[in-house]
Amino acid sequence: MSGCSSTQNTFASKIKAESEKNLDLSQQWEQGQKDVKKGQELLADGRKAMDKGNAQIREGEKLMAQAVQEAQKQRQAFQSMASSLTGAQNGKRAAAIVDRLDDIADDWEDADENYVDGKELVEDGNTNLAEGQSETEQGQALVNSGRTRMQQAESAYQQRTGQGLVEQMHLEERPSNF
């Protein structure tokens, strides 16, 4: 028997084949199976979103820390260079110091922008983390309710027939002595 059969031998297919009287249980079990599958997909998606969010948070925090260090470095360089401006002996030297101050100010602004970018990345990460947690919770709830639905269908079937489906399937597979 190949693993690619078109009809799965599930609880639902077995009781559908028996009779119409248990069709409601078959449908209940199939809906439970669909819920479990959808729940597992949500769990996987949620985990991916949480992983992405955590990575974004780590990267954003790293970027923010680097930006703080760089901004502090540029601030100190600016203050040091600005204090040397008062000792300039001629216009050419003063212009050179002002040009250097302008470059330092640009680097300082870049550091400030990197800080904002890092902060936005952390915010995006927190959003993805929250969405992932929500998807994970929804997925787990669907898996749980789907399994419960399937178990209820199997239990109801046992009550109606007086035996479990697994027991019945084994009885039908034994050769008859008649």
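Me: How are helices and strands assigned here, and how many of each does the protein have?
Reply: Helices (H or I, at least four residues) and strands (E, at least two) are DSSP runs, numbered from the N terminus. The model is predicted. Along the sequence, the elements follow the pattern α-α-α-α. The secondary structure therefore comes to four helices and zero strands.

Me: What span should helix H3 have, and how far apart are its end C-alpha atoms?
Reply: Helix H3 covers residues 91-161, which is 71 residues. At 1.5 Å a residue, the helix should therefore span 105 Å. The expected span agrees with the distance between the end C-alpha atoms, which is 104 Å.

Me: Which residue caps the N-terminal end of H3?
Reply: The cap rests on a side-chain oxygen that lies 3.2 Å from the backbone nitrogen of lysine 92. The residue that supplies this oxygen is asparagine 90.

Me: Which residue follows H3, and what is its phi?
Reply: H3 is followed by glycine 162. The phi of glycine 162 is positive, near 85 degrees.

Me: Which residues make up the largest nonpolar core, and which elements give two or more residues to it?
Reply: The core has nine residues in all: Phe11, Ala12, Ile15, Leu25, Trp29, Val36, Met150, Ala153 and Tyr157. The elements that give two or more residues to this core are helix H1 (11-18), H2 and H3.

Me: Which residues does alanine 12 contact, leaving aside its neighbours within four places in sequence?
Reply: Alanine 12 belongs to the largest nonpolar core, as does Trp29. With those sequence neighbours set aside, alanine 12 is in contact with Ser26, Trp29 and Glu30.

Me: Is glutamine 56 buried or exposed, and with which side chain does it form a polar contact of 2.6 Å?
Reply: Glutamine 56 lies in helix H2, which covers residues 23-85. Its relative accessible area is 14%, so glutamine 56 is buried. Beyond four places in sequence, glutamine 56 touches Leu121, Val122, Asp124, Gly125 and Asn128. The side chain joined to that of glutamine 56 by the polar contact of 2.6 Å belongs to asparagine 128.

Me: Which salt bridge links distant parts of the chain, and how far apart are its residues in sequence?
Reply: The side chains of arginine 149 and aspartate 35 meet in a salt bridge at 3.6 Å, N to O. Arginine 149 lies in helix H3 and aspartate 35 in helix H2, 114 residues apart.

Me: Is aspartate 35 buried or exposed, and what is the state of arginine 149?
Reply: Aspartate 35 has a relative accessible area of 11%, under the 20% cut-off, and is therefore buried. Arginine 149 has a relative accessible area of 31%, so this residue is partly exposed.

Me: Where do glutamate 41 and lysine 37 lie, and how far apart are their closest N and O atoms?
Reply: Both residues lie in helix H2, four residues apart, about one turn of the helix. An α-helix has 3.6 residues a turn, so residues three or four places apart point the same way. Glutamate 41 is partly exposed at 37% relative accessible area, and lysine 37 counts as exposed at 52%. The closest N and O atoms of this salt bridge are 3.8 Å apart.

Me: What share of the contacts with a separation of 6 or more comes from residues 24 or more positions apart?
Reply: Buried residues make up 25% of the 178 residues in the protein. Among contacts with a separation of 6 or more, the share from residues 24 or more positions apart is 79%.

Methods
Residues numbered from 1 in each chain as written. Predicted model: local features only at pLDDT ≥ 70, side-chain atom pairs only at ≥ 80, totals over all residues. Heavy atoms only, no water. Buried < 20%, exposed > 50% of the residue type's maximum accessible area, 1.4 Å probe, protein only. Polar contact = N/O pair within 3.5 Å; in protein donor to acceptor, adjacent residues only side chain to side chain. Contact = heavy atoms within 4.5 Å. Expected span 1.5 Å × (residues − 1). Core = buried A, V, L, I, M, F, W, Y, C linked by side-chain atoms within 4.5 Å. Salt bridge = Lys/Arg side-chain N within 4 Å of Asp/Glu carboxyl O.
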